[in-house]
Amino acid sequence: LSGSLLWTGNAEGAIDAGNYVLRAAGLSSSNYQINWAEGSLQINPAALTIQVVNAQKTYDGQAWQGGNGVTYSGFVAAENASVLSGTLAFGGDSQGAVNAGSYALTASGLTSGNYTINWLPGSLVIDPRALTVQLRPQSKLYDGNTVAVLPGNAFLLSGFAAGEGASIAATEGWWNSKDVDKATTVSANLT
């Protein structure tokens, strides 16, 4: 055989996923008749994993919207998210979640002909907000028992989310002693 083998067809220089035609030419022989058969090149999409980043917040009375970002694993060469089409969107029962608890945080909306995308969900955790109930200083008049009558304004409540609050109606409590000189602590159960 003489000459140089040449490759033609649309497979030459192909980089994107898809099917391409390969053709060979350029060789000859006086003793052989060369029949060239087309070949094909199939470039399969690479696997790409998109992981939703977990989110956490303290209860604030506001509905959760959106996400906390995503991470990518599996881009080829120096590629990054700029090669993906579409708009990243977040979903799951986290969207609109208000109350303390754990919620699913999902993502979708990005596509690529060169990547098979595997979406991994994350979670949103809304932690309970710390609420402080402080009993204002009380005094005891000797009455022979440990019952402490506590008016509603005996308590100072703090730590509520904006626009929220509560009040405590008058309740009963208990002094640690019936004697005035030993009665230093009041306990109360609030529900």
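Residues are termed buried when their relative accessible area is under 20%, exposed when it is over 50%, and partly exposed in between. The structure described here is a predicted model, and the terms are applied to it throughout. Ala 77 has a relative accessibility of 79% and therefore counts as exposed. This residue belongs to the loop that runs between strand E6 (70-73) and strand E7 (85-91). Its backbone is notable for a phi near 50 degrees, a positive value in a residue other than glycine. Most residues other than glycine have a negative phi.

Ala 77 also takes part in the lining of the largest pocket, for which a volume of about 170 Å³ was computed. The lining draws on several stretches of the chain: Ile 15, Asp 16 and Ala 17; Ile 43, Asn 44, Pro 45 and Ala 46; Val 76, Ala 77 and Glu 79; and Asn 114 with Tyr 115. By residue class, eight of the lining residues are nonpolar, two are polar and two are charged. Asp 16 and Glu 79 are listed in the lining, and Asp and Glu are both counted as charged. Asn 44 and Asn 114 are likewise listed there, and Asn falls into the polar class.

On the surface, Leu 5, Trp 7 and Trp 36 form a nonpolar patch, and together these residues have about 340 Å² of accessible area. Trp 36 is placed in the loop between strand E2 (18-28) and strand E3 (39-43). With a relative accessibility of 39%, Trp 36 is classed as partly exposed; a residue can enter a patch when its relative accessible area is over 30% and it has no salt bridge.

The loop between E2 and E3 also holds Glu 38, whereas Arg 23 lies in strand E2. The side chains of Glu 38 and Arg 23 meet in a salt bridge, with an N to O distance of 2.7 Å. Because Glu 38 is in the loop and Arg 23 in the strand, the pair ties together parts that are 15 residues apart in sequence. The two partners differ in accessibility class: Glu 38 is exposed, with a relative accessible area of 52%, and Arg 23 is partly exposed at 39%.

In total, the model contains four salt bridges. Among them is the pair formed by Asp 143 and Lys 140, whose side chains meet at 3.0 Å, N to O. Here Asp 143 is partly exposed, with a relative accessible area of 43%, while Lys 140 has a value of 14% and is therefore buried. Another salt bridge joins the side chains of Asp 179 and Lys 178, with an N to O distance of 3.9 Å. Both residues of this pair fall into the intermediate class, Asp 179 with a relative accessible area of 25% and Lys 178 with 38%.

Separations in sequence and in space were then considered for selected residue pairs. Gln 138 is situated in the loop between strand E11 (132-135) and strand E12 (147-150). Its relative accessible area is 29%, so Gln 138 is partly exposed. The C-alpha atom of Gln 138 is separated by 8.1 Å from that of Val 186, a residue 48 positions away along the chain.

Leu 27, which is found in strand E2, is partly exposed, with a relative accessible area of 24%. Leu 27 and Trp 119 are 92 residues apart in sequence, and their C-alpha atoms are 49 Å apart in space.

Gly 3 is part of strand E1 (residues 2-8). Its relative accessibility is 60%, and Gly 3 is accordingly counted as exposed. Between the C-alpha atoms of Gly 3 and Trp 174, which lie 171 residues apart along the chain, the separation is 106 Å.

Note on methods: Residues numbered from 1 in each chain as written. Predicted model: local features only at pLDDT ≥ 70, side-chain atom pairs only at ≥ 80, totals over all residues. Heavy atoms only, no water. 1 Å grid on protein atoms, 1.4 Å probe; cavity = no way out; pocket = protein on both sides within 12 Å on 5 of 7 lines; lining within 4 Å. Points joined across faces, edges and corners; volume = space filled by probe spheres on them. Patch = residues over 30% accessible without salt bridge, like charges linked within 9 Å, V, L, I, M, F, W, Y side chains within 5 Å. Areas by Shrake-Rupley, 256 points an atom, 1.4 Å probe, with all protein chains shown as cover. Helix = DSSP H or I, 4+ residues; strand = E, 2+ residues; numbered from the N terminus. Buried < 20%, exposed > 50% of the residue type's maximum accessible area, 1.4 Å probe, protein only.
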